[in-house]
Amino acid sequence: MQRKLFILLMLMLVVVVHQAAARLPQADSVGDERCFVATGNVGAVSCGHPLAAAAALQILHEGGNAVDAAIAAGFMLGVVDFSNSGIGGDGFALIYRPDGLVEAWDASVKRPRLNGNRTIVNHIGLPTVPELLLRLRRQYGSRTLATLMQPAVSAAANGFKISAYLEKTIEKTLPNIDDPAAISFLAPHGYPLRAGQILKQPFLARTLAEMARDEGRSFYRGSTAIALIADMQKHGSQYRISDLALFKTRQVKPVRRDWQNYSLFGNPPPACSIASIKLAEDLLNSRIDLHEQRPEDILATARAGRRILQARYENIAECLDDPYRFIEFADKVAVNSSGDVVEAGNTTHLCVADKNGMLVSMTLTLGSHFGTGEFSPGGFFYNNGLRNFTDAVAGYPDNYPTDAGPISTKSPIIVTRNGEPVLTIGGAGSERIVFNVGLALARYLHRPQQTDHLISSPRYFLDHRQKLIVEWQPDTSLVKTLEQWFPETTIKPGCDDYFGLLSAIIVEGSQFKALADPRRDGSCAACDLISP
């Protein structure tokens with residue numbers, strides 16, 4: 001019997017999964033599944049939750065490609081990371097194809113079509129994430145939608161374990177929520193959901209299962225769409241059924257900047273990849289030590305980031321037709337203090353790579369934690385993306401196109417070296433996205449062999465009030481020196497939600513190195529294929 005078993009095993013392809021099981025972890029083991037560095041030669045994923053990483057890895061293990069895996073992770077994040085993303089959200093995607101082409105996709109929210117003026121009267125944004133994921137599956141997918149959505153449907157129906165991060169986020173946000181349906185969902189027993197509790201989401205499970213059956217037809221044009229629009233209008237939205245039915249994710253031309261033998265690709269405005277790339281270029285061309293940073297290096301880096309963010313606020317809305325105009329604007333910007341910039345944005349990001357050379361960098365969001373705070377009959381929160389059309393987010397010229405999405409700090413990035421993909425990266429966390437991604441990108445390009453701490457290094461940020469926000473780190477003397485040198489310094493706890501989330505995968509020959517963020521619920525996974 002043992003000999004037969006040995007022969008059978010030798011005839012099979014054995015997948016060795018590093019740090020994450022190839023199957024979906026059970027709810028009672030989720031807390032043990034997080035991983036921050038993973039390597040393999042078949043595929044890899046880095047994202048905002050271990051269950052989403054496991055769902056993506058399961059698809060890769062079964063022969064799916066990177067887009068298949070990203071779709072599985074994207075739907076799963078809407079179940080387990082529903083404070084930051086979900087099918088009520090919007091997003092951007094960047095894809096490196098095995099033939100060497102890079103494609104960018106824009107699923108940003110649009111204004112209501114029949115809104116007679118440009119005034120934003122309600123912040124609820126159109127749910128566009130499902131259309132983005134469904135479109136990508138039709139374009140690139142190799143597996144059925146039911147297969148890709150099964151992990152998310154199962155997790156919604158059978159439940160998953162609330163994490164400490166989600167518990168904290170619910171606690172912090174509930175006092176600002178008025179919607180009775182949302183309060184009942186987040187505090188079903190009269191108190192906020194607690195870490196360790198199993199949360200089942202039957203309404204969301206039903207919505208996802210219906211979407212898997214009919215490719216989203218009911219969600220955008222059928223009975224579900226009718227119910228959603230009625231509920232959105234009840235909350236003050238001006239959207240109509242035609243807005244859902246006519247929405248299409250747009251394929252757009254990616255931006256590209258070359259540095260030495262590297263090419264940096266990103267999503268064009270209204271996304272902010274060009275701003276992250278510009279920051280990376282500025283840091284690489286400076287004399288700042290990007291790695292062993294002294295207090296003066298930290299201050300110089302933070303100020304460089306603030307200058308780019310000032311340019312983003314003032315000028316990027318003028319760069320829809322020509323994204324590279326932003327480079328000129330950024331070189332001329334005069335930094336000043338501004339008290340009207342929205343910083344309380346929260347998103348999620350996922351990266352996937354497969355053995356055939358396909359890479360994905362995708363940012364999904366509800367805008368703020370739980371979006372508008374209003375819970376739909378479909379079991380998800382609405383994004384507050386129409387808020388981004390306000391002057392608090394960007395300075396909009398009078399001729400800003402009515403069919404363009406609002407300015408967003410989302411910054412998906414893919415990097416090639418001599419035409420071969422070497423990095424996919426992106427982030428979450430409002431303005432910190434541009435700064436975190438830009439700094440990580442510069443560090444990678446400067447020393448591509450030293451990447452273990454690319455994501456986990458302590459963070460800092462100079463906000464729009466010219467206040468330096470520093471994350472706690474073991475080198476307390478460095479923190480104390482910054483406080484002495486720069487009185488406008490605030491120290492936040494280590495791994496504080498404020499500093500957002502980064503996800504990255506590095507390609508080193510035939511090997512993948514996935515890096516996940518210890519902040520929030522970040523996790524990664526990778527797998528090897530060993531032939532007998």
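**Exercise 1. Which elements are included in what covers the buried residues of α12?**

Before starting, note that this is a predicted model, where local features need pLDDT of at least 70, side-chain atom pairs count only at pLDDT 80 or more, and totals for chains, interfaces and linings use all residues. Residues are numbered from 1 along each chain as its sequence is written, and side-chain values use heavy atoms, with hydrogens and water left out.

Solution.

Step 1. Find the helix: α12 runs over residues 273-284. Helices (H or I, at least four residues) and strands (E, at least two) are DSSP runs, numbered from the N terminus.

Step 2. Check its span. The 12 residues of α12 reach 17 Å from first C-alpha to last, close to the 16 Å expected at 1.5 Å a residue; the expected span is 1.5 Å times one less than the number of residues.

Step 3. Look at burial, where buried means under 20% relative accessible area, exposed over 50%, and partly exposed in between (1.4 Å probe, protein chains only). Of the 12 residues of α12, 12 are buried, so the helix is largely enclosed by the rest of the structure. Charged residues such as Lys278, Glu281 and Asp282 are among them.

Step 4. List the cover. By contact (heavy atoms within 4.5 Å), it includes strands β9 (255-259), β10 (262-266) and β13 (413-417), together with helices α13 (295-315), α14 (325-332) and α15 (431-446).

**Exercise 2. Describe three salt bridges and one network.**

Solution.

Step 1. Apply the rule: a side-chain nitrogen of Lys or Arg within 4 Å of a carboxyl oxygen of Asp or Glu. The structure holds 25 salt bridges.

Step 2. Take Glu171 and Arg194, whose closest N and O atoms are 2.7 Å apart. This pair links distant parts of the chain: Glu171 belongs to helix α6 (residues 164-173), while Arg194 is in the loop between α7 (180-186) and β7 (198-199), 23 residues apart. Glu171 is partly exposed at 37%, and Arg194 is partly exposed at 28%.

Step 3. Turn to Lys234 and Asp231, with closest N and O atoms 3.3 Å apart. Because they are 3 residues apart in helix α10 (residues 223-234), about one helical turn separates them. Lys234 is exposed at 62%, whereas Asp231 is buried at 11%.

Step 4. Add Arg465 and Asp463, which meet at 2.6 Å, N to O. Arg465 is partly exposed at 41%, but Asp463 is buried at 0%.

Step 5. Finish with the network: salt bridges that share partners join Lys278, Asp282, Arg307 and Asp331.

**Exercise 3. Explore the nonpolar cores.**

Solution.

Step 1. Define a core: buried Ala, Val, Leu, Ile, Met, Phe, Trp, Tyr and Cys residues joined through side-chain atoms within 4.5 Å.

Step 2. Find its hubs. The largest core has 154 residues, of which Phe75, Val79 and Leu136 touch the most other members. Helix α3 (residues 66-80) gives the most to this core, with 12 residues.

Step 3. Follow Leu136. Leaving aside neighbours within four places in sequence, its contacts include Val67, Ile71, Trp105 and Met362.

Step 4. Look for another core. A second, separate one of 20 residues includes Cys35, Ala38, Val102 and Phe265.

**Exercise 4. Inspect charges over rings.**

Solution.

Step 1. The criterion is NZ of Lys or CZ of Arg within 6 Å of the ring centre and within 35 degrees of the ring normal.

Step 2. Arg111 lies over the face of Phe389, 4.0 Å from the ring centre. The charged end of Arg432 sits over the ring of Phe461, at 5.7 Å from its centre.
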